[in-house]
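Welcome, and thanks for taking a look at this one with me. Here are a few notes to help you find your way around.

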Amino acid sequence: MNDEKAALGQKILKIKKSKGLTWTDIAARLGHAPVWVCAACMGQMSMTLETAEKAAALFGLDDEETALLAEPPYRGSLPTAVPTDPLIYRFYELVSVYGTTWKEMIQEEFGDGIMSAIDFDMTMERQPDQKGDRVKITMSGKFLPYKRY
């Protein structure tokens with residue numbers, strides 16, 4: 001369902017590489033956080049028309065591609081139910097192993113509800129370590145209690 005957005009994301013990745021840009025560079029030019037910009041360029045978020053036009057200028061995109069960046073995506077559109085890419089699979093593994101722990105601890109602290117993936121922030125950074133650098137991901141989502149009716 002996201003074929004056009006996925007194809008555009010692949011095109012953007014090639015242009016990004018050819019221009020020697022990083023997601024931090026691109027984010028600074030578009031005025032948003034690097035994680036969000038990457039997600040939007042990969043087809044998982046919708047840009048405002050203003051941001052899409054900035055991205056189009058940066059990547060040399062046409063009007064149709066610019067409009068596509070602003071369209072709401074079909075989110076969560078991985079090609080398989082269980083990811084096969086080893087890096088992405090590790091996140092699936094984290095949810096499989098720690099999902100019930102996260103649920104229990106969030107609900108113990110906040111009550112019966114969920115952590116929003118809509119009102120949400122995420123950062124990723126390199127954390128130096130003498131045994132090998134580590135990946136540090138920080139996620140922050142608004143708590144949304146279930147409504148009783």
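1. Let's begin with the lining of the largest cavity: by class, 5 of its residues are nonpolar, 2 are polar and 1 is charged. Please keep in mind as you read that this is a predicted model.

2. Where is that cavity? Its lining is made up of Lys 5, Leu 8, Gly 9, Ala 40, Cys 41, Gly 43, Leu 68 and Leu 69. Helix H1 (3-19), H3 and helix H5 (63-70) are the elements that each give two or more residues to this lining. H1 provides the largest share, with 3 residues. The volume of the largest cavity is about 30 Å³, and the count of cavities of 30 Å³ or more comes to 1.

3. Now for the pockets. The largest pocket has a volume of about 2500 Å³. Its lining counts 43 residues, and those closest to its centre are Val 35, Phe 91, Phe 120, Met 122 and Met 139. By class, the lining of this pocket divides into 30 nonpolar, 10 polar and 3 charged residues.

4. Which elements should you highlight to see the lining of the largest pocket? At least two residues each come from helix H2 (23-30), helix H3 (34-41), helix H6 (86-110), strand S1 (113-127) and strand S2 (134-145). H3 is worth a second look, as it also gives two or more residues to the lining of the largest cavity.

5. The second largest pocket holds about 160 Å³ of space. Asn 2, Asp 3, Ala 6, Gln 10, Met 42, Gly 43, Gln 44 and Ser 77 line this pocket. By class, its lining has 2 nonpolar, 5 polar and 1 charged residues. You may recognise Gly 43, which is also listed in the lining of the largest cavity.

6. For the later part of the chain, UniProt lists residues 77-149 as "domain: Cyanate lyase C-terminal", in an unreviewed entry. Over residues 77-149, the chain is 34% helix and 37% strand. The C-alpha atoms at the two ends of this stretch are 33 Å apart.

7. Finally, a look at the two strands S1 and S2. How do they run, parallel or antiparallel? S1 and S2 run antiparallel and are joined by 11 bridges. One of the bridge pairs puts Arg 126 opposite its partner Val 135 in S2. S1 and S2 form a hairpin with 6 residues between the strands, and in this hairpin Gly 132 takes a positive phi near 130°. Both strands also appear among the elements that supply at least two residues to the lining of the largest pocket.

Note on methods: Residues are numbered from 1 along each chain as its sequence is written. This is a predicted model: local features need pLDDT of at least 70, side-chain atom pairs count only at pLDDT 80 or more; totals for chains, interfaces and linings use all residues. Side-chain values use heavy atoms; hydrogens and water are left out. On a 1 Å grid over the protein atoms alone, a cavity is a set of points where a 1.4 Å probe fits but cannot get out, and a pocket is an open set with protein on both sides within 12 Å along at least five of seven lines; lining residues have an atom within 4 Å of a point. Grid points are joined across faces, edges and corners, and a volume is the space filled by probe spheres set on the points. Helices (H or I, at least four residues) and strands (E, at least two) are DSSP runs, numbered from the N terminus. Ala, Val, Leu, Ile, Met, Phe, Trp, Tyr, Cys and Pro count as nonpolar, Asp, Glu, Lys and Arg as charged, and the others, Gly among them, as polar. UniProt positions are given in the numbering used here, feature names are shortened, and annotations may be inferred rather than shown by experiment. Two strands pair if DSSP finds at least two bridges between them.
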